[in-house]
Amino acid sequence: VQSPQNAFLLNVGLETLPLRMERHCYNAQKVAEFLEANEKVAWVNYPGLKSSKYYELAQKYMPNGTCGVISFGLKGGRKAEEMMDKLKLAAIVTHVADSRTSILHPASHTHRQMNDEQLKEAGVAPDLIRLSVGIENVNDIIADLEQAL
């Protein structure tokens, strides 16, 4: 049985979930489009992009937006840490679906104990960056990424 405070907090979160998810999806779509067009970005994996192999399925099963998480890689390999250190808005944390934008370089954070061969076996590219787009103003998120890139 939940405590009254926990029940209240859960209820508040559930009441605003549709609004937050709409904003997560909208922001992520715009950010993914920005990243895909950026010359410093090697690749972008986001089902809302027409270049995604999952685009048709995403349109069929998620017509109101796909998600708030984008994965991408920078040209030049492991440039992620250097770029992430320049971010001012996005937090370097392991969270996803938070109200604030967060970013992570799994190869140097959650999977740092692995060498490049082990990373490849685990499906974690050395240049992989995971971006969980928050509900901040999308122009602020893009500006933060642009100045860091």
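**Entry 1. Ser 52**

I began with the surroundings of Ser 52 and found that, apart from neighbours within four places in sequence, Ser 52 is in contact with Tyr 46 and Pro 47. I note here that the model is a predicted one. I then located Ser 52 in the loop between S1 and helix H2, the latter spanning 55–61. Is Ser 52 buried or exposed? Its relative accessibility is 13%, and Ser 52 therefore counts as buried, since the limit for that class is under 20%. I also looked up the distance from Ser 52 to Pro 18: the two are 34 residues apart along the chain, and their C-alpha atoms are separated by 25 Å.

**Entry 2. The sheet**

I next traced the strands. I found an open sheet of 5 strands with mixed pairing, in the order S1-S2-S5-S4-S3. Strand S1 (41–45) and strand S3 (91–92) form the edges, each pairing on one side only. I then asked what packs on the sheet. Helix H1 (residues 4–37) does so, touching S1, S2 and strand S5 (128–132). I recorded the angle between the direction of H1 and that of S2 as about 15 degrees.

**Entry 3. Pairing, strand by strand**

I went through the pairs in turn. S1 and strand S2 (residues 69–74) are antiparallel and are paired over 4 bridges. Within this pair, I saw that Val 41 stands opposite Leu 74 of S2, and that Asn 45 stands opposite Ser 71 of S2.

How many bridges join S2 to S5? I noted 5, with the two strands running antiparallel. Phe 72 has Ile 129 of S5 as its bridge partner.

Strand S4 (residues 102–104) is likewise joined to S5: there are 3 bridges, and the two strands run antiparallel. Here I found Ile 103 with Leu 131 of S5 as its bridge partner.

I also kept a general remark for reading the strands: in a regular strand, side chains alternate between the two faces of the sheet.

**Entry 4. How far S2 and S5 are covered**

I checked burial for the two strands. In S2, 5 of the 6 residues are buried, so this strand is largely enclosed by the rest of the structure. S5 is mostly covered, with 4 of its 5 residues buried.

I took Ser 132 as an example from S5. With 2% relative accessibility, Ser 132 counts as buried. What is Ser 132 in contact with, leaving aside neighbours within four places in sequence? I listed Gly 68, Val 69, His 95, Val 96, Ala 97, Asp 98, Arg 100, Thr 101 and Ser 102.

**Entry 5. A salt bridge**

Two of the residues touching Ser 132, namely Asp 98 and Arg 100, led me to the next search. They form a salt bridge with each other, and their closest N and O atoms are 3.3 Å apart. The count for the structure comes to 1 salt bridge. As a general matter, side chains of opposite charge can pair when their charged atoms come close. I looked up the accessibility of both partners. Asp 98, at 21% relative accessibility, counts as partly exposed. Arg 100 counts as partly exposed at 36%.

**Entry 6. Helix H5**

I turned to helix H5 (residues 138–148). Which of its residues are buried? I recorded Val 138, Ile 141, Ile 142, Asp 144, Leu 145 and Ala 148. Viewed down the helix axis, the buried residues of H5 fall within an arc of 160 degrees, and so they line one face of the helix. The face turned away from this buried side carries Asn 139 and Glu 146, which are exposed. I then looked for what covers the buried residues of H5, and found H1, helix H3 (80–85) and S5 among the elements that do so. At the start of H5, I saw a side-chain oxygen of Asn 137 reaching to within 2.8 Å of the backbone nitrogen of Asn 139.

**Entry 7. Asp 85**

My last search concerned Asp 85, which is placed in helix H3. Is Asp 85 buried or exposed? Its relative accessibility is 63%, so Asp 85 counts as exposed; the class begins over 50%. I closed with its position relative to Glu 117: Asp 85 and Glu 117 are 32 residues apart in sequence and 26 Å apart in space, C-alpha to C-alpha.

Technical notes: Residues are numbered from 1 along each chain as its sequence is written. This is a predicted model: local features need pLDDT of at least 70, side-chain atom pairs count only at pLDDT 80 or more; totals for chains, interfaces and linings use all residues. Side-chain values use heavy atoms; hydrogens and water are left out. Two strands pair if DSSP finds at least two bridges between them. Contact means heavy atoms within 4.5 Å. Axes are lines fitted to C-alpha atoms, for helices over the stretch in contact, and angles run from 0 to 180 degrees between N-to-C directions. Buried means under 20% relative accessible area, exposed over 50%, partly exposed in between (1.4 Å probe, protein chains only). The arc is that of the directions from the helix axis to the C-beta atoms. A polar contact is a pair of N or O atoms within 3.5 Å; within protein, one must be able to donate a hydrogen and the other to accept it, and residues adjacent in sequence count only if both atoms are side-chain atoms. A salt bridge is a side-chain nitrogen of Lys or Arg within 4 Å of a carboxyl oxygen of Asp or Glu.
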